[in-house]
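Student: I would like to learn how to read helix packing and buried polar residues from a model. Can we work through a case?

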Amino acid sequence: MAALSARAKVLAGLRACGYILLWWSLSIPLTFYNRWMFHTYDLKFPMSVTTIHMVVNFGLCALCRAVWSWRTGRSRVVVDWRTYWRKLVPTALAAGLDIGVSNTSFLFITVTLYTMTKSATIVFLLLFAFCFRLEKPRLTLLVVILLISGGVFLFTFGETSFDIRGFLLVLTGTVLGGLRWVLTQLVMHKRELGLANPVDTLYHLTPVMALCLVPLACGLEGRAFFTSDLLFRAPSADIALKTTGLILLGSCFGFSMNVAEFLLVSKTSSLTVSVSGLGKELVTVGLAVMTGDPLTKINYVGLALCLVGMTFYNVLKYRELEKQGDSHYAPGGGERRPGAGSDALEMFNLLDENDEDGVWLSSSSTESFSFTTLKDRHSTTTTTTTTATWQW
């Protein structure tokens with residue numbers, strides 16, 4: 001029995017490593033791919049390209065749902081209009097704008113500055129959680145905020161290729177990212193939504209995410225996009241097809257990353273997800289430095305402060321999960337059990353694969369915090385109710 005238990009733990013660890021590597025192999029290249037496409041390839045239309053990504057992701061989600069329904073003879077969840085406008089639209093707006101402005105920042109800043117600034121999502125998540133009274137201010141959380149904020153400040157202060165436009169854009173995306181997760185906690189914690197599957201969640205969110213970017217894309221890039229030498233006025237069909245292929249490749253990359261994230265979330269513990277996100281940022285920064293992003297001594301000090309802050313946050317998270325029994329690898333090998341804990345920390349907890357007690361949300365954004373599990377801790381109802389009154 002002991003040998004079987006040890007073997008099971010080894011296999012579980014190997015599977016977890018496989019899911020992490022799969023996620024990293026899609027998420028990290030996507031960051032560099034976006035930077036290369038918008039900056040080096042000179043396709044300076046991030047809002048328009050992101051809008052196309054959302055439309056393609058919606059189409060892929062609709063296709064997956066249709067194939068699943070055809071194979072099983074059962075229909076997928078469809079949210080009614082009233083619930084959609086009240087609960088999903090605000091979150092979709094925040095998510096769409098977050099991804100749009102974050103991708104636009106690649107026109108002006110390096111991958112290292114982008115990655116380190118996006119790591120401050122934790123800070124704004126906690127601040128919004130304080131404002132919405134989802135979390136009570138505690139000294140430990142304030143220390144996390146100060147460490148990460150100080151690290152980002154030193155990192156930007158010492159950045160040799162600092163651009164205020166790009167920094168303000170990615171900072172805006174970071175603020176929207178924090179708001180996005182708090183809105184999710186506030187409005188999507190009801191069981192009756194039934195959106196535990198990422199394909200269902202993205203199917204409902206991506207239309208609004210695309211629509212909210214259309215005015216920005218038209219106003220900022222419209223004429224230039226439709227007269228670009230890389231697309232509609234390309235000197236040859238080969239160039240136009242190449243550019244179109246690159247845009248579609250980015251869309252498929254983002255969708256594949258969503259699937260990889262879902263596998264990681266559903267097959268491992270939330271602590272594994274959080275730590276692997278921290279590791280992904282380290283690898284991203286390391287690769288960016290190796291490929292030419294300059295770092296000064298002050299940058300390294302800022303990087304170290306951010307890493308200390310994020311590590312401290314993970315330690316707090318681990319203690320919360322120990323209290324809840326939510327880790328697959330907790331001492332004693334006990335099963336995960338739902339329990340009360342910090343609301344802000346709980347936003348990154350894990351759903352069991354077949355649990356419909358929450359919402360998983362992701363996108364083609366490359367930030368580390370792409371999962372959320374939402375528990376209605378005061379509910380005693382176990383019945384799931386879904387009203388199907390419309391379809392896209």
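Tutor: What follows takes one helix pair and then two residues in this predicted model.

Student: How is the packing of two helices described?

Tutor: Two packed helices are described by the angle between their axes and by how far apart those axes are. Here the axes of helix α3 (residues 81–104) and helix α8 (residues 198–226) come within 8 Å and cross at roughly 55°. An angle between 35 and 65 degrees counts as oblique, so α3 is oblique to α8. The crossing is right-handed.

Student: Which residues of α3 and α8 meet?

Tutor: On the α3 side they include Y84, L88, A92 and G96; among those on the α8 side are H204, P207, M209 and L216. The residues of this contact divide into 15 nonpolar, 3 polar and no charged.

Student: Is S102, in helix α3, buried or exposed?

Tutor: Buried means under 20% relative accessible area; S102 has 1%, so it counts as buried. A polar atom of the S102 side chain lies 2.7 Å from the backbone oxygen of D98. Leaving out residues up to four places away in sequence, S102 touches Y114, K118 and G173.

Student: Where is N57, and what is it in contact with beyond its sequence neighbours?

Tutor: N57 is in helix α2 (residues 46–72). With a relative accessible area of 4%, N57 is buried too. Neighbours within four places aside, its contacts are T206, S251, G254, F255 and N258. F255 is 198 residues from N57 along the chain, yet their C-alpha atoms are separated by 6.2 Å.

Key:
Residues numbered from 1 in each chain as written. Predicted model: local features only at pLDDT ≥ 70, side-chain atom pairs only at ≥ 80, totals over all residues. Heavy atoms only, no water. Helix = DSSP H or I, 4+ residues; strand = E, 2+ residues; numbered from the N terminus. Buried < 20%, exposed > 50% of the residue type's maximum accessible area, 1.4 Å probe, protein only. Contact = heavy atoms within 4.5 Å. Axes fitted to C-alpha atoms, helices over the stretch in contact; angles between N-to-C directions. Parallel < 35°, antiparallel > 145°, perpendicular 65-115°, else oblique. Left-handed = near helix turned anticlockwise from the far one by under 90°. Nonpolar A, V, L, I, M, F, W, Y, C, P; charged D, E, K, R; others polar. Polar contact = N/O pair within 3.5 Å; in protein donor to acceptor, adjacent residues only side chain to side chain.
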